[in-house]
Amino acid sequence: MPFLPVILWTDALIYLLLAVVAVFVWYVRRHAHLRAPWWRVAQTPAAMSALVVLAVFVVIGLLDSVHFRLALPAAPDTRTDRAAPRELAYAVDVKSALDVLLSSIANRPERTYSAPLATHAYAKETVELPGKDGEPGRQVRDYPRLKYGGAHLRDPGRDWGPDVLRTAFRGAALALPLWLLAALVLVAACTPADRLTSRDFWHAVWRGKTEVPWRAILITLGLLLLVVVPVMLLSRHYHVLGTDKVGLDVLYLSLKSVRTALVIGTLTTLVMLPFSVMLGIMAGYLRGWVDDLIQYFYTTLNSIPGVLLIAAGVLVLQVYIETHPDVFPTSAQRADFRLLWLCIILGITSWTGLCRLLRGEALKLRELEYVQAAQAFGVSQWRIMARHILPNVMHIVLISVVMDFSGLVLAEAVLSYVGVGVDPSMISFGTMINAARLEMGREPMVWWSLASAFVFMLALVLAANLFADAVRDAFDPRVRVGARKLRWGKTTQAGEA
Amino acid sequence: MSALLDIKDLKTWLDSSGGTVRAIDGISIEVARGETFAIVGESGCGKSMTALSVLRLLPEAGQIVAGSVLLGGEDLLGLPEAAMRGVRGRRIAMIFQEPATSLNPVLTVGRQIAEVLERHTALRGEAMQKRMLELLVAVGIPDPARRMGEYAFQLSGGMKQRVMIAVALAAEPDLLIADEPTTALDVTIQAQVLDLLSGLQRASGMAILLITHDLGVVAQMAHKVAVMYAGQIIEVASREAFFGAPLHPYSRKLFQALPGSERRGGELAVIRGQVPPLTTEFRGCRFAERCDLAWERCHVEVPGLTACDNGHSVRCHLYDGGKGVDPGERVSAAAPAAPGATDVSEKVQSGPALLSVDGLKVHFPIHKGLFKRTVGQVKAVDGISLDIATARTLALVGESGCGKTTAGKAILQLIRPSAGSVRFDGRELTRLRGRALRERRADFQLIFQDPYASLNPRMRVADILAEGMQALGVADTVAERAARMDRMLAQVGLNAEAKLRYPHEFSGGQRQRIAIARALAVKPKLIVCDEPTSALDVSVQAQILNLLKQLQRDLGLTYLFITHNIAVVEYLAHEVAVMYLGRIVERGTVDAVLRTPRHPYTQALLSAVPALDQAGERKIIRLRGELPSPANPPSGCHFHPRCPQAMAECKREYPQPIRLGENHEVNCVLYRAQTR
């Protein structure tokens, strides 16, 4: 085998989460009352646009969650005994599918900082000019050419501008057919279901009359392609977002950070849900001493500053890792375990809010008559909690999970910046921002690391928030979806008068 | 005299996901000064929407699409919003159904009245204070100076409604819109509030637009009556004409559906089917589908409002010359249903008691302080005793807060009693624990008041019905259970295909049938019915009462019927127990207690029930004050602070039960002399 699959802890949990989501989707599709609110979400243009953006991030994150160790090229066989099977040796570093896809930009390190799309380094260096006829060359202080960025240009001063523009336009031109292809696939997928001719369907899409807001989805997709394709083409010859201190491509770092953010945002909720759902419903339904105990527990936990707990947890783990090097054969596994640990600690410190909400809701539900009817049938308490209370608080759980996601992504960045977040060797938005602390203090200022982290996080969190808003509107019974405006009105009134 | 409020051909449409709802589809009414105009109809007929249209306070999705609303000759629909604000509160005021939510909890009572005065009058400072006091005195609030500084939570329900009326009257409006003003109140409080409203009307000469579903309230209050059905007014008449001889088949059916003692023997009239959805385009009469007298014309031609004699008009083809009015059909609507159909169970002698409750007490401790010390007891149920024989119905009657629901739950062991015994079929229930109790649960079941809260919205009907059977092991195999489900659904008059649907797809009456089927599925002997019809419309209530009665005949069920509705008691029950503040004050057969009430409280309660026939001017016994708190009940007889006939002795100790005849018992010292 040319590679050895490696399943990290977080990978396994992500696969588990995918399976859970798949089961959930299958379950929702079979139940009309569960399908209805999701159908309302699907009809919200902002939510669907946000979903397109989120989907891109999720694909990046999933690609980055397929890990393996590549086989090393066979060493020249010195032995003569050919029959013996040769042991394959695997590289020490763990790579992901995303690494392989991005290998062209990942494996082009410069010496140090370079600005976005630059052809020359960002700082002057002492360059040795080749001397004539074997004489020793002169030394000058100048901006040296980059090893890879714009290396194909003969005269950067003259060719740089036209080349960048041409590539960008080529990318934009290429985006159009790609977009049309996506639109055609959409039509092919939807026409038979809607029993319309494709012409009618296009017409409806164009005027925004379809139930699922295809127009908004297609526009978002088009804009995304317009950004992504030119960047892809440019990245073949340039560092589109510049390079960092050790010369790594910032675009690559930003893309790698996406997985960290997603893992923190999703796995943390996976850790916290059992606590908050079980304890919250138990406290609200069972009341009495159980309620008192759970309440005192989470009030106490809530009174300990969260950052302190997290710092303590992470430092303890660090010591453990250092004293048990044999448990983690590769640095990736080490970093990954620390990430998982961070998710667990974040989950343990952040379940109290949801727990309190669920307790209140369960207190209300337990007085409802269908619960009393079940009690009159002698149904056991656990069964009542599972069959009557839990399904009726699921909307709160869902809303809070979606709303918490963006908060957790931001929390990771802050914690890593403080130094108690992910492993320093793990690429994340937090470590990028932490590095930018020194870069921003330089003269001239290095701004692109921070700017990239900022833009990527903004896109991710904004999309998550927009989607969460739509989910809340659809599921929260107190927020009624604003009724469509009346289509008649003054005109009808005048007509009838 | 020109009308104060003149609504002409008003149409209000709502936009909903299911299409356009024609909530009001062309109604025209005139309300004169000093007159009470009642709009009566079942839920969803558009009566509240009419009030909101007049005030232009429609929900976001609603819009008035045609018509005019003239107030003293001025078209309200043409006014700009700023001018409309001057009309609201100043010329038209409104009081709402739920007094608990119509007052702002963080403002004092005085502040909320002052708000109206500041907006609509020139009164300020001293003068305003004086006016506020006057208003509170006018609505009969004792100690008004102190109450002005209090908050809503310090007031009782009746008191809140009085404050709401004071707020509404602050700017001396020409028209008061009262949207179900007494629906959330008890009968004795309702009588007080209705009295207050008619007194204020006499004093100020304002017009009242009364919106209600209760024909009794209409009979007591209204000068003119309009009946609404599916967004249209189908009958308008003076009170005398309407209650003398309602013309529209729907109105007549409504009267026949009312339960009461005169219908004890037979079935109540029901209106088949349901109100058509208002999203449909009507081609004929809206009521045709449900009308017994409908013929072809009713389905193809929309009837107009036809004027009959003495200002009585009706929207029905029976009266517009298409088919001559058959005098035989104009029989009084109140005529008793088929005579001769006597109740079989009536004659059954009461056998040995199936359920016998003795000295049942439920006390809830009041905890205070850091360590939850018990500082007192709420005596919700304070020693009640009753017996019910097999296949009989005992009605437990009382006002809200008297502990009747708690008593029902304590009997079912859903709340553990603090003292006393509950013997069911000869076996003591209060000492049963855990498994032993669970096994007995199949024998006694419960039907709730609110059919919307009693079915889990996330479960299909089949799962709802199966739950009890599974828990109690009634039918062991899946096939057996399914067969039993079908049988139960058929018994309560639903299709077997209902099994696969969710509760929200059913109407209120159908949901109540499902709840009944759920209880029946485990083969109970006793069913505690906790106000099973009070959330339902009259015509649906009739269906459910008929069903309960029929089930009792067929299956020999025993009912403990908890209610505040005296008419339902008269129709359904064999025996009555009247509760006041956690104790039974009088009990006996329905005839004995309701015909010759002896306890002063029972007398007051019965006199406060609004009656349809105004012929014999009944004397309403007004009770002072309201129900005291069960945490701190009065000494001696609980009723003595409000009792018109209280004596010094009543304060000292609680009276012992006194037997008056074979089946009548009363706890009152007034009757002690008779028995000695």
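**View 1. An open sheet of 3 strands in chain A runs in the order β1-β2-β3, with antiparallel pairing.** The edge strands of this sheet are β1 (3–6) and β3 (95–96) of chain A, each pairing on one side only. The model shown here and in the views below is predicted. Strand β2 of chain A spans residues 67–70 and is joined to β1(A) by 4 bridges. The two strands run antiparallel. Within this pair, Val6(A) stands opposite His67(A) of β2(A). In general, strands of a sheet pair through backbone hydrogen bonds, either parallel or antiparallel.

**View 2. Ser114(A) sits in the loop between α5 (103–106) and β4 (125–128) of chain A.** The relative accessibility of Ser114(A) is 0%. Ser114(A) therefore counts as buried, as the cut-off is under 20% relative accessible area. Leaving aside residues up to four places away in sequence, Ser114(A) touches His120(A), Tyr122(A), Leu146(A), His239(A), Gly242(A), Thr243(A) and Trp448(A).

**View 3. A nonpolar surface patch on chain A covers about 560 Å².** Its members are Ile219(A), Leu223(A), Leu226(A), Val227(A), Val228(A) and Met232(A). Ile219(A) belongs to helix α8 of chain A, residues 214–234. The relative accessible area of Ile219(A) is 49%. Ile219(A) is partly exposed because this value falls between the cut-offs of 20% for buried and 50% for exposed.

**View 4. Chain A meets chain B in a contact that buries about 3100 Å² between them.** Of this buried area, 53% lies on carbon and sulfur atoms. Chain A gives 29 residues to the contact, and chain B gives 38 residues. The count of salt bridges between chain A and chain B is 1. Arg387(A) and Glu467(B) form a salt bridge, with their closest N and O atoms 3.6 Å apart.

**View 5. Chain A, the setting for the close-ups, has 18 helices and 5 strands.** Its C-alpha atoms fill a box of roughly 100 × 75 × 60 Å along the principal axes. Chain A has 497 residues, and buried residues make up 43% of them. The accessible surface of chain A is about 27200 Å². Carbon and sulfur atoms account for 66% of that surface. Among contacts in chain A between residues at least 6 apart in sequence, 74% link residues at least 24 apart.

Note on methods:
Residues are numbered from 1 along each chain as its sequence is written. Chains are lettered from A and ligands numbered from 1 in the order in which they are written. This is a predicted model: local features need pLDDT of at least 70, side-chain atom pairs count only at pLDDT 80 or more; totals for chains, interfaces and linings use all residues. Side-chain values use heavy atoms; hydrogens and water are left out. Patches are made of residues with over 30% relative accessible area and no salt bridge: like charges are joined within 9 Å, nonpolar side chains (Val, Leu, Ile, Met, Phe, Trp, Tyr) within 5 Å. Accessible areas come from the Shrake-Rupley method with a 1.4 Å probe; for residues, only the protein chains shown count as cover. A salt bridge is a side-chain nitrogen of Lys or Arg within 4 Å of a carboxyl oxygen of Asp or Glu. Buried means under 20% relative accessible area, exposed over 50%, partly exposed in between (1.4 Å probe, protein chains only). Contact means heavy atoms within 4.5 Å. Two strands pair if DSSP finds at least two bridges between them. Buried area is the accessible area (1.4 Å probe) that two parts lose on being put together, summed over both.
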